[in-house]
Amino acid sequence: MQNDGDRSLKEEFIQYAPLFAGLAPEEQKHLAEQFSPQTAKAGAVLFRVGEAADGLYLIGKGFVRIFTAGGATLATLGPGSVLGEDSLYRSVPYDVSAHAASDLEYWKLSDADLRAIILQRPTIGLKLSQNFGSLIAQMQDYLILQLSKTSELKGLPPHTLRVLADHLEPRKIAVGQVLYRAGDAAGGLFLIESGRIEIQPETGDGEREEVGSGRLLGALALLTNKTQTATAIAREESLVWTLSSDDFHTIAGRQPGLRRGLAHNVSARLSRSDQMQAVMRLSQMPIFSQLPPATIQAIAQRMVLQHAPAGDRVYRAGELGDAMYLVESGEVELTAENAVGVVEEIGRVGAGGFFGELSLLTGQIRVEDATAVRNTNLWVLKKADLDALAAQYPAIGKALSQGLAARLASIESHEEERLRRFVLFADLSAGDLRQIAPLLRPMRYRAGELIYRASAPADKLFLIEQGNVRVQTLTGGAYLLGPGESFGERALITEQPHNTTVSADTDVDVWTLSKQDLDMLMNRYPAIAISLTRIITQRLSETAQTSGGYIPPAPLPGSAPVEAPSRRRQQAAPAAEPLRRRRRSFGEWYAGLSPAARIRFILLMLLLLVLLCVTVPFTITTIINGIGAASRAMAATLNNALDNVGPSADVTMAERLRLADAQVPPTPTYTPFPTSTPLPTLTPTPTQTPLPTPTSAPVVAQAFAQAAPVAVAPVVEAAAEEAAPTEEVVVAAAVRPRVLDSRLGALGVTIEDASVEPGQPYWRLVEVRWEDEQEAGGKHHIYVDVLDENGNRVVGQPVTVFWGDGSYTAPLEDKPAPDLGFNFQMYAAGYAYGVRVEGLPSDVLRGAGLGDLEKRFFGIHVSYYLVYQRTIK
């Protein structure tokens with residue numbers, strides 16, 4: 001039990017101790033009440049070197065000897081002395097030992113009690129920090145609480161707030177002193193502890209505002225990297241906690257949630273200079289271009305500045321369209337899910353562009369996702385503001401109605417124009433094209449990617465939207481097809497496997513049409529059957545030219561002689577810039593027919609006309625049996641067109657096509673062409689048995705090795721023995737030594753080896769490749785492949801990318817070479833991401849993120865390529 005004399009002695013020691021100087025009498029008394037009395041015998045240890053600092057000690061009676069880590073006596077302290085404050089205030093282990101030199105009476109203030117005192121009376125913590133010379137660690141809990149109360153930082157996880165609190169510095173602002181001025185560069189974040197700060201808008205005619213304790217200032221300027229739009233002046237002596245801009249960007253690079261959380265909670269009206277720029281951009285938009293300048297100025301005044309960090313969703317598909325966006329700086333990617341569930345990029349909007357206006361005007365839900373590719377500043381016009389302006393300015397409502405009608409008409413016209421580019425649909429009406437559009441399915445292939453291989457079954461027709469594909473024949477010839485052309489139609493008509501190999505020569509977007517839908521369309525629209533007949537006949541003619549039966553058609557009057565298409569095909573293979581096969585006009589095609597073929601073609605047209613006239617009164621019968629009729633009609637046409645190819649006029653169309661195929665050597669040999677990603681090469685066997693397709697994983701591994709700029713161990717192929725000519729060729733990949741990009745060390749990227757015992761399986765990181773901004777070509781991904789002991793891809797194996805406050809796990813996909821089976825888009829800079837493989841102990845790559853060698857914490861697009869292999873230690 002502590003008597004009154006001991007209590008008064010304790011308060012007297014606290015009053016005169018330099019560590020507690022400046023505390024008000026009531027603060028000293030409150031602090032003294034939390035010191036608990038303790039006793040110790042001579043020789044007892046109060047604390048040792050290396051122990052966690054758990055409190056500070058105030059000596060009442062007796063003496064304490066202080067020893068260094070080496071055991072040397074440092075000092076002997078008596079009544080009124082304070083011990084352990086240095087380690088406690090810095091939250092580090094004790095660096096000295098304290099032993100009782102005699103029987104001892106003392107008081108102890110624990111770390112937990114000191115934190116509780118500061119939460120109740122933060123001024124005590126501030127004064128203790130001032131006496132100590134720096135911010136004491138016990139202020140951290142209080143600062144975390146204060147930060148979490150601000151509207152800008154609410155919702156951030158405690159570990160992020162703790163990092164912010166550790167970097168805050170107190171700053172006193174005298175009455176009339178300026179915290180920052182309008183036009184100043186962003187200097188940091190400012191949290192007001194006490195006092196009053198007046199915010200004066202830059203225009204001088206805006207509304208002034210006084211803010212006090214708990215308000216956070218400077219966040220928007222710091223996020224957007226723009227100058228301050230107002231001046232902040234102290235109207236009372238104030239204390240402000242400051243986080244420098246350098247510290248903010250460093251923390252944001254390691255804690256991606258910080259920038260995202262701030263961006264979601266911070267916005268402001270455009271500055272005067274931004275409003276002037278917004279007026280210019282709005283006047284260039286079709287929906288606002290006819291409005292008078294004063295009306296456009298009113299719209300610009302309602303717009304707000306909003307920041308979207310890299311990787312953040314501006315909006316999602318399915319949300320209501322409540323705003324439109326102008327991109328001031330940065331870039332936004334628009335993506336949508338196609339009919340088969342694959343998310344595809346439909347556009348990118350850079351500085352000066354706009355998006356989201358259609359949903360705003362129509363009131364419909366969003367049909368696409370909008371994601372910031374890099375840190376992006378947006379000017380936002382809310383629907384509520386636009387509606388209010390339309391009520392005030394009738395011209396706005398009229399302009400919006402006209403703009404909406406024009407936009408919808410342009411979309412419909414664009415769809416029609418896009419479909420009419422295809423030869424197959426060129427003769428159809430606008431109404432017919434609208435009926436066909438829903439049947440088409442989009443697909444995308446990357447340069448070098450295999451679309452289908454010869455001998456593969458045919459189930460769809462391909463229509464090229466953009467890019468080029470390379471068609472490789474069984475004879476070794478090749479040619480290119482481009483936008484507006486189609487491929488795969490011959491195999492669909494003959495119901496035979498493909499007799500060519502097709503791959504993407506460039507990145508290519510195609511539309512696909514299923515065989516069932518194609519049959520239905522040929523029955524409904526005879527013009528499609530005619531166009532398809534023309535395409536197939538032309539390609540059969542070129543096949544005949546290749547086999548030596550080509551007779552050049554007579555040139556049209558005034559035109560140059562027509563070159564044999566087969567020669568153009570043969571020249572396409574070795575050329576550095578392959579020639580595209582020229583599409584022949586109908587006149588040239590018709591002129592190339594023999595007189596008998598022309599007569600047969602005219603008869604075919606008459607027959608189709610009669611068929612059409614007869615089937616109109618019998619619609620139901622035509623629907624049930626028409627597919628077969630259309631197929632027989634086209635088969636008859638093709639039989640006539642095949643007279644120059646087939647040996648007899650008595651065989652069916654499918655037989656003629658098969659006979660045409662039989663005139664070329666039966667052994668398929670696919671010759672790679674000089675592209676950046678070579679096509680897979682098949683090795684012929686001594687028999688006509690088709691060579692088995694190698695498994696995708698070794699091909700991927702081989703393509704990866706060929707594409708990498710650093711040396712990679714070669715893939716070993718085990719050839720089939722000659723004694724068994726029909727035996728499958730087995731392709732296996734040897735376990736490769738670890739190959740690391742030489743630039744990883746400079747980037748600060750490290751590999752943490754898995755902790756495993758000998759004989760235990762684990763995932764070993766065998767290759768890491770890094771691509772800078774130029775090499776990545778705009779990509780900003782982490783690509784991962786996972787192989788088993790034999791080098792085969794482990795499809796379905798989960799891979800995890802993790803960061804400060806989250807993670808993403810997805811299974812490895814069976815993607816064609818050269819794609820790796822897993823990819824993750826990076827949006828955070830610096831050392832933000834780590835990578836591991838699940839299921840077994842795994843090597844871990846740490847320190848991946850955007851940024852190059854010189855600007856590590858900038859949002860510069862780079863990519864990482866990783867290969868893991870299951871290994872026994």
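This note goes through two serines with an uncommon backbone angle and one helix with two unlike sides, in a model that is predicted.

1. Most residues other than glycine have a negative phi, and most peptide bonds are trans. Against that background, serine 91 deserves a look, since its phi is positive, at about 55°, although this residue is not a glycine. Serine 91 sits in the loop that runs between helix 3 (85-90) and strand 7 (97-100), and with a relative accessibility of 51% it counts as exposed, because the cut-off for that class is over 50%.

2. Serine 455 is also a residue other than glycine with a positive phi, here near 85°. Its place is the loop between strand 27 (450-452) and strand 28 (460-466). The relative accessibility of serine 455 is 49%, and therefore it counts as partly exposed.

3. Which residues of helix 4 are buried? In this helix, which spans residues 111-120, they are Asp111, Leu114, Arg115, Ile117 and Ile118. These residues lie on the same side of helix 4, because they cover an arc of only 160° around the axis. An α-helix has 3.6 residues a turn, so residues three or four places apart point the same way.

4. On the other side of helix 4, Ala112 and Gln120 are exposed. The buried residues of helix 4, by contrast, pack against several elements: helix 2 (25-33), helix 3, helix 5 (122-132) and helix 6 (140-149), together with strand 3 (55-61) and strand 8 (104-110).

Terms used. Residues numbered from 1 in each chain as written. Predicted model: local features only at pLDDT ≥ 70, side-chain atom pairs only at ≥ 80, totals over all residues. Heavy atoms only, no water. Helix = DSSP H or I, 4+ residues; strand = E, 2+ residues; numbered from the N terminus. Buried < 20%, exposed > 50% of the residue type's maximum accessible area, 1.4 Å probe, protein only. Arc of directions from axis to C-beta. Contact = heavy atoms within 4.5 Å.
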